[in-house]
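Let's take a walk through this structure together, one region at a time. Keep the 3D view open and turn it as you read.

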Amino acid sequence: MTTRYFGQPVKRNEDPRLLTGRALFVDDVDLPGMLHVAFLRSDLAHARIRSIDVSRARQRPGVVAVYTAEDLGDFWRHGPLLVPPPPVEGIVFHQRTQVTLAKDKVRHAGEAVALVVAESRYLAEDALEDIFVDYEPLPAVVHLEEAAQDRVLVHEELGTNVSAHVVQRKGDYESARAQADVVIRRRFVYDRGTAAAMENRGIVAHWDPKAETLTVWDTTQAPIPIRNGLAAMLGLSEHQVRVIAPFIGGGFGPKIMMFYPEEMLLPWVSMQLGRPVKWIEDREENFYATTQERGQIHDAEIALTRDGRVLGVRDVFLHDQGAYAPYGLTVPINSQCTLLGPYDVPAYYSEFTALFTNKPIVTPYRGAGRQHGVFVMERLLDIAARELGMDPAEIRRRNFIPPEKFPYNNEIIYQDFAPLVYDSGNYEPALQRALELIDYRRFVEEEQPRLRAQGRRVGIGVVCYIEGTGIGPYEGARVTVESTGKVSVATGIGTQGQGHFTSFAQVVAEQLGVDVADVHVVTGDTDMFHWGTGTFASRGAVVAGNAIHAAAVRVRQKILRMASEKLEAAEEDLELVDGVVRVKGVPERSIPLGQLAVEANPLRGAVKPGTEPGLEASDFFGPERGATASGVHAMIVEVDPETFLLTIRKYVVVHDCGTVINPLILDGQIQGGVAQGIGNAFYEQLHFDENGTLLNASFMDYLIPTATDVPPIVGDHVVTPSPLNPLGIKGAGEAGAIPVGALFAQALENAFSDLGLEIREIPLSPNRLYELVREAQEASGHGASDGPGPGTGSP
Amino acid sequence: MAQRTTVTVTVNGQEYTREVEPRLLLSDFLRHELGLTGTHVGCEHGVCGACTVLLDGQAVRSCLMFAVQAQGHRITTVEGLAPGPDPEQLHPLQRAFWEAHGLQCGFCTPGILMSMVPFLEENPDPSEEAIREALSGNLCRCTGYQKIVEAVKLAATMGTRER
């Protein structure tokens with residue numbers, strides 16, 4: 001092939017529409033006769049509902065309907081359990097999923113208790129003021145350890161707040177511990193943040209009573225399961241329901257929670273009223289009604305030899321599910337399965353208890369539990385390195401799984417219910433490259449001592465991680481050469497900014513020899529393609545990418561077969577270049593693909609038995625298990641000793657996601673992930689008070705990093721193709737965000753190493769760092785009363 | 001029903017007169033009364049900057065203004081930068097964002113473009129620090145800002161005044 005598209009930094013097909021404000025987002029959908037919905041949400045985290053009076057709201061001019069749980073009749077329901085519990089022996093699992101509207105009791109602040117349908121959103125919100133709910137407040141279960149005590153129950157009928165209890169083992173930790181020279185035990189806390197996609201959620205539902213079809217525009221990452229679920233709930237055939245996920249303004253995980261109450265209710269309301277209805281979440285609602293992540297407490301222990309070899313790890317943790325657990329155990333299983341990282345750990349005991357609390361629902365958010373596992377392991381290694389007098393980079397190097405040990409079996413069950421087997425990896429070159437890029441030796445030996453002598457608080461960190469990506473079950477795609485010679489591709493996954501319109505076009509262009517700009521990709525419209533699951537777990541490029549590749553290969557075969565007859569040449573003598581198929585070395589013997597497509601779909605004559613009309617093929621790809629990506633992040637940070645604000649002086653990412661489709665898009669994914677990781681590590685934290693009220697539910701108070709907080713990222717790649725898919729791809733969507741908490745902890749600790757500062761929690765903040773430094777100073781006897789100031793930095 | 005007021009504004013060179021409630025936000029007016037849905041709303045409280053438009057050439061947050069306050073003023077939205085998505089007709093700043101991969105989901109992008117247009121007019125040759133400072137009023141959750149900064153630098157070298 002003369003032009004290569006795969007692997008090139010091709011600029012994106014979708015951008016002109018996005019840049020000119022012509023791309024369709026859900027809130028841009030405007031239909032004749034459309035009504036607007038607003039939800040009344042509980043201000044209390046835990047309360048019994050004595051009564052709800054909506055009579056005044058119903059009388060307000062412009063209000064068309066008001067519904068409470070009671071008004072839903074048979075449609076009142078619990079949402080489905082999205083992911084069943086994994087097949088782990090001895091598992092305890094109590095299923096409690098969210099309800100359409102709260103009945104009898106509210107279990108988290110922001111839970112919807114009523115909805116108003118009106119001629120405008122303004123009027124619908126006015127009418128919310130008219131609704132009177134008589135609540136009996138109950139004590140709220142806010143903190144994880146409180147939840148574990150079962151004094152107050154989120155779901156009384158369970159008799160416990162335990163949502164699940166899971167133990168997984170590899171080898172025998174107790175005997176590993178018995179042989180250890182060093183055992184380190186610590187408690188680690190990782191608290192909640194929110195994904196805060198710039199676009200809030202939204203749904204437009206349109207039941208057409210004459211056509212008997214339901215069309216739903218939804219900010220979902222998984223339109224096909226939404227279609228199938230809605231059809232079942234509403235008693236419709238799947239072919240009566242079309243779900244469209246148009247351009248989506250960021251997903252990051254919470255947009256694949258299903259079903260959100262609003263997602264169940266809007267279509268039902270449209271069918272009740274026979275009119276289109278729209279609900280667009282506002283930012284305050286997003287802080288309560290969209291799912292969140294990250295609350296866990298780990299009691300962890302690591303056993304090592306004196307030369308720093310890990311013999312085993314024991315981790316017992318609590319996981320915050322929030323008030324309901326529709327997503328099953330994906331998050332804590334990911335924590336459990338990502339902790340072992342790129343290290344050869346012979347013995348592992350991991351036990352978790354997932355607990356219900358009176359807080360918003362927890363489902364995966366970029367990283368999806370992996371952050372916690374990485375944080376615990378990396379922290380244990382850092383503390384071990386300090387106790388053993390080893391360099392933090394060296395202790396990691398010593399424990400890496402060597403390249404010859406792949407596939408490497410960790411013997412426990414992963415989120416896809418397959419054994420946690422790493423397909424491939426080559427960790428040492430990535431670490432080496434990261435150390436070179438951050439100039440580790442020179443910083444540690446020259447620059448840091450020099451700056452420290454000036455009283456400057458500079459620290460360095462380097463952390464490693466793996467990410468299980470690209471899990472099944474499958475995705476599919478249809479590739480069609482149209483009569484114009486342009487190619488259309490339809491796949492079922494949704495897209496939220498990952499550049500699928502381009503990277504998937506590159507996969508097809510590579511096979512068919514057409515320009516990337518001539519490949520039109522449709523994602524997330526169930527009328528275009530209705531098989532598949534969704535965009536999650538860093539799987540779009542891996543699973544849909546390979547399905548598209550498979551379909552494109554089949555179309556290529558059809559083209560070659562047909563052109564071979566037309567051009568009277570052997571298939572192996574043909575090539576697909578610049579939109580034509582031609583005889584190699586005889587470019588004048590060629591047929592444009594468009595002409596071939598017309599001839600493949602004749603209006604007269606006959607299509608031969610055993611062949612299909614058109615230059616089209618559908619195909620599917622389902623990996624037997626996930627592909628394991630990996631990487632190393634390194635950072636040099638400086639802390640202002642007065643304000644405790646940070647300057648990130650250098651940030652390095654060396655990443656291995658196998659074969660790269662588009663390095664421009666990949667860089668963007670990594671950089672964006674790191675920015676979210678930085679927010680999660682040092683700026684963003686959801687603060688709930690003892691009543692379960694969220695104290696910082698706005699962008700005024702919940703601080704998302706800005707352009708002045710996120711540094712440029714120096715990136716490089718190591719390529720270890722996955723043997724589990726034909727393209728050799730591993731996922732990259734979440735990698736940037738995963739190790740950042742661990743990196744901040746190490747680098748900040750390093751900046752205050754003279755004080756023996758030890759960081760065991762994320763998120764941090766300037767305030768929290770100040771407090772931790774004060775505590776360390778007091779413990780180490782460094783002039784606590786003076787506060788930390790410049791000049792305390794003799795290493 | 002609430003009282004209604006007449007408002008006349010010029011948006012992207014075209015004059016519009018509408019009867020609106022005084023409480024109608026300018027962002028909602030542009031999006032839902034005029035159908036100019038390129039202006040996005042991300043937070044409704046003036047932090048995220050997605051709803052930024054030009055009011056008499058100055059960047060303002062359309063979620064923090066009522067439509068009636070725009071009476072008699074001249075507004076430019078993202079739709080006013082280019083006649084359509086035809087790559088040949090993009091504004092230089094839009095071209096630079098395309099070249100440099102300065103967007104991912106594209107939701108915050110219109111607001112960022114509308115903040116950067118007047119910034120580059122006033123600072124035709126900005127330093128990276130100045131660009132980052134100028135961008136700090138717009139939140140982006142996808143890109144980590146690096147490629148946005150590169151796009152703005154690129155636009156400065158291309159010259160945003162050529163159109």
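A good place to start is Pro763(A), which sits in the loop between strand S30 (761-762) and helix H19 (766-780) of chain A. The peptide bond leading into this proline from Ile762(A) is cis, with omega near 5 degrees. Chain A offers another cis bond at Phe406(A) and Pro407(A), where omega is about -5 degrees. Pro407(A) also belongs to a loop, the one between H11 and strand S17 (408-413) of chain A.

Before going further, please keep in mind that what you are looking at is a predicted model. The predictor gives the complex an ipTM of 0.97 and a pTM of 0.96. For chain B, the average pLDDT is 95, and 96% of the residues score at least 70. As a general caution, predicted coordinates should not be read in detail where pLDDT is low.

Now look for helix H13 of chain A, which covers residues 440-453. This helix has 14 residues and reaches 18 Å from its first C-alpha to its last, close to the 20 Å expected at 1.5 Å a residue. Where does H13(A) bend? The bend, of about 40 degrees, is at Glu447(A), and a proline, Pro449(A), follows within four residues. Three residues of H13(A) are buried, namely Tyr440(A), Phe443(A) and Gln448(A). What do the buried residues of H13(A) pack against? Their partners in chain A are two helices, H11 (392-399) and H12 (427-438), together with two strands, S19 (457-469) and S27 (627-639). Just after H13(A) comes Gly455(A), with a positive phi of about 85 degrees.

Next, let's turn to the strands of chain A. In general, strands of a sheet pair through backbone hydrogen bonds, either parallel or antiparallel. One open sheet in chain A has 3 strands in the order S5-S2-S7, with antiparallel pairing. Strand S5 (105-106) and strand S7 (132-137) of chain A are at the edges with a single partner strand each, so one side of each has no neighbour in the sheet. Strand S2 of chain A, residues 47-53, is joined to S7(A) by 6 bridges. To see one of these pairings for yourself, find Arg48(A), whose bridge partner in S7(A) is Glu136(A).

Strand S8 of chain A, residues 162-170, is worth a visit too. S8(A) pairs in the antiparallel sense with strand S4 (residues 92-93) of chain A over 2 bridges. Here the bridge partner of Val92(A) is His165(A) in S8(A). S8(A) also pairs with strand S16 (residues 347-356) of chain A, again in the antiparallel sense, this time over 8 bridges. In S16(A), Glu351(A) stands opposite Val167(A).

The loop between helix H4 (144-149) and S8 of chain A holds Asp150(A). Phi of Asp150(A) is near 60 degrees, a positive value in a residue other than glycine. Is Asp150(A) buried or exposed? Asp150(A) counts as partly exposed because 15 other C-beta atoms lie within 10 Å, while 20 or more would be needed for a buried residue.

Let's cross over to where the chains meet. The contact takes 49 residues from chain B and 45 residues from chain A. On the chain B side, helix H2 (92-99), helix H3 (109-122), helix H4 (128-135) and helix H5 (146-158) each supply at least two residues. H2(B) gives the largest share of this side, with 4 residues. The residues on the side of chain B that touches chain A divide into 24 nonpolar, 16 polar and 9 charged.

Our last stops are in chain B. His101(B) lies in the loop between H2 and H3 of chain B. This residue has a positive phi of about 55 degrees although it is not a glycine. His101(B) is buried, because 25 other C-beta atoms lie within 10 Å. Ala151(B), found in helix H5 of chain B, also counts as buried, because it has 27 C-beta neighbours inside 10 Å. Which residues does Ala151(B) touch, not counting residues up to four places away in sequence? They are Ala96(B), Phe97(B), Ala100(B) and Gly102(B). To finish, compare Ala151(B) with Trp98(B): the two are 53 residues apart along the chain, and their C-alpha atoms are separated by 8.0 Å.

Notes. Residues numbered from 1 in each chain as written. Chains lettered and ligands numbered in written order. Predicted model: local features only at pLDDT ≥ 70, side-chain atom pairs only at ≥ 80, totals over all residues. Pairing = 2+ DSSP bridges. pLDDT = per-residue confidence, 0-100. Expected span 1.5 Å × (residues − 1). Bend = angle between axes of the 7 residues up to and from the residue. Buried ≥ 20, exposed ≤ 12 C-beta atoms within 10 Å, placed from the backbone. Contact = placed C-beta atoms within 7 Å. Nonpolar A, V, L, I, M, F, W, Y, C, P; charged D, E, K, R; others polar.
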